[in-house]
Amino acid sequence: MPPSSRAPGPASPDSPPETLEGLKQLLAAIDRREVEIRLGASSRRVLAVLIESPQRTAVSSISQLAELTGVNASTFSRLAQRLGYEGFSRFQDIFRQAVTDGEHFYSQQASQLLARDTDSSAMAQLARLGRQESANILSMLERVDAAAFEAATTLLAEAPRVRLHGMRQFNSLALFMAYGLGMLRPDVAPLDASRQGVADALAQLSAGDVLVVASCFPYTPSVVACAEVAVKRGVEVIALTDSASSPLEPLARYSFHVPNHSLFYSNSMSAFMFLAEGLLSEVASKLGDAGVASLKQREAIITELGGARG
């Protein structure tokens with residue numbers, strides 16, 4: 001029986017929970033002393049923090065979680081074993097399974113937003129949101145691999161064709177990148193710019209072309225499927241996603257992990273947009289005079305048309 005279909009009731013160390021709900025019930029049973037497991041105050045606090053933030057728990061390393069909770073990294077291994085798991089990796093699988101399922105992501109995000117401190121002013125909440133978004137950007141910068149950034153921007157500058165794809169709010173990111181990159185070089189477009197379907201659009205790509213895909217939890221299956229087809233056709237895939245556990249990670253030639261923890265009721269886009277601007281700026285630098293010439297040509301056409309810039 002798969003983990004997600006097992007009964008989530010209270011467990012002993014010999015049969016630890018295999019669902020996040022079961023883990024929540026186990027913590028409640030521990031608090032009521034209904035099971036033999038005993039946790040110290042620190043371990044109990046750590047477990048509660050992990051359960052309250054399943055997405056973060058699913059994608060973070062032990063060292064990152066230790067820094068977040070202010071305890072030694074060995075605490076997590078001991079906690080996992082005390083709960084009956086073979087090790088922290090098996091314990092973390094519970095959170096990864098919950099994150100992969102992701103059935104109630106948006107409603108849960110909205111519930112957290114509504115549960116905020118009602119005594120806080122709107123401006124205080126705005127300031128808090130700003131601090132969280134700033135933290136996402138700084139955390140993203142720490143994760144960017146310099147060699148991958150260099151290689152990805154070279155591909156974006158030199159590939160014969162570049163297509164960009166995202167669904168829902170990531171569609172806006174794809175459109176933004178297509179617009180910005182299209183100002184610098186030819187043959188750039190959203191994947192389905194012709195509105196004839198992604199199958200037709202993918203059929204027009206060949207080995208050496210580039211497909212930029214963007215998605216984060218809860219991942220859009222159709223975006224993952226597009227990346228899979230592109231890889232089979234020899235197309236280079238660049239992924240803008242949220243973690244190493246993303247289904248886009250094994251498909252991408254180069255991937256960038258963008259934190260998106262936020263008060264916002266959906267996926268936070270601030271750090272993604274910042275990364276997009278950084279990639280486009282570096283492409284402009286690589287194209288040099290050719291990029292400038294492309295911009296000048298665009299400006300001349302706009303002048304002839306008598307239209308507004310931007």
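The lining of the second largest cavity in this predicted model divides into three nonpolar, four polar and two charged residues. Its members are Gln55, Val59, Arg143, Asp242, Ser243, Val258, Pro259, Asn260 and His261. The volume of this cavity is about 60 Å³. The structure holds three cavities of 30 Å³ or more. Rolling a probe the size of a water molecule over the atoms shows where empty space is left.

Turn now from cavities to pockets. The second largest pocket holds about 150 Å³ of space. Its lining counts seven nonpolar, three polar and two charged residues. Leu164, His165, Gly166, Met167, Asn171, Ala174 and Leu175 are among them. So are Pro190, Leu191, Asp192, Ala193 and Arg195. Which elements each supply at least two residues of this lining? They are strand S1 and helix H10, the latter spanning residues 169–182.

Between S1 and H10 runs a loop that contains Arg168. Phi of Arg168 is positive, near 55 degrees, in a residue other than glycine. Is Arg168 buried or exposed? Arg168 is exposed, with a relative accessible area of 60%; the cut-off for that label is over 50%.

Past H10 comes another such case. Asp187 sits in the loop between H10 and strand S2, residues 188–190. Asp187 is not a glycine, yet its phi is positive and near 55 degrees. With a relative accessible area of 38%, Asp187 is partly exposed.

Helix H12 is next. It covers residues 221–232, 12 residues in total. At 1.5 Å a residue, H12 should span 16 Å. The C-alpha atoms at its ends lie 17 Å apart, so the span agrees with what is expected.

Which residues of H12 are buried? They are Val223, Val224, Cys226, Ala227 and Ala230. Viewed down the axis of H12, these buried residues fall within an arc of 155 degrees, so they line one face of the helix. On the other side of H12, Pro221 and Lys232 are exposed.

What covers the buried residues of H12? The cover includes strand S1 (162–166) and helix H11 (198–203). Strands S3 (210–214) and S4 (236–241) are also part of it. S1 thus appears twice here: it helps cover H12, and it supplies at least two residues of the lining of the second largest pocket.

After H12 comes Gly234. The phi of Gly234 is positive, near 85 degrees.

Methods: Residues numbered from 1 in each chain as written. Predicted model: local features only at pLDDT ≥ 70, side-chain atom pairs only at ≥ 80, totals over all residues. Heavy atoms only, no water. Helix = DSSP H or I, 4+ residues; strand = E, 2+ residues; numbered from the N terminus. Expected span 1.5 Å × (residues − 1). Buried < 20%, exposed > 50% of the residue type's maximum accessible area, 1.4 Å probe, protein only. Arc of directions from axis to C-beta. Contact = heavy atoms within 4.5 Å. 1 Å grid on protein atoms, 1.4 Å probe; cavity = no way out; pocket = protein on both sides within 12 Å on 5 of 7 lines; lining within 4 Å. Points joined across faces, edges and corners; volume = space filled by probe spheres on them. Nonpolar A, V, L, I, M, F, W, Y, C, P; charged D, E, K, R; others polar.
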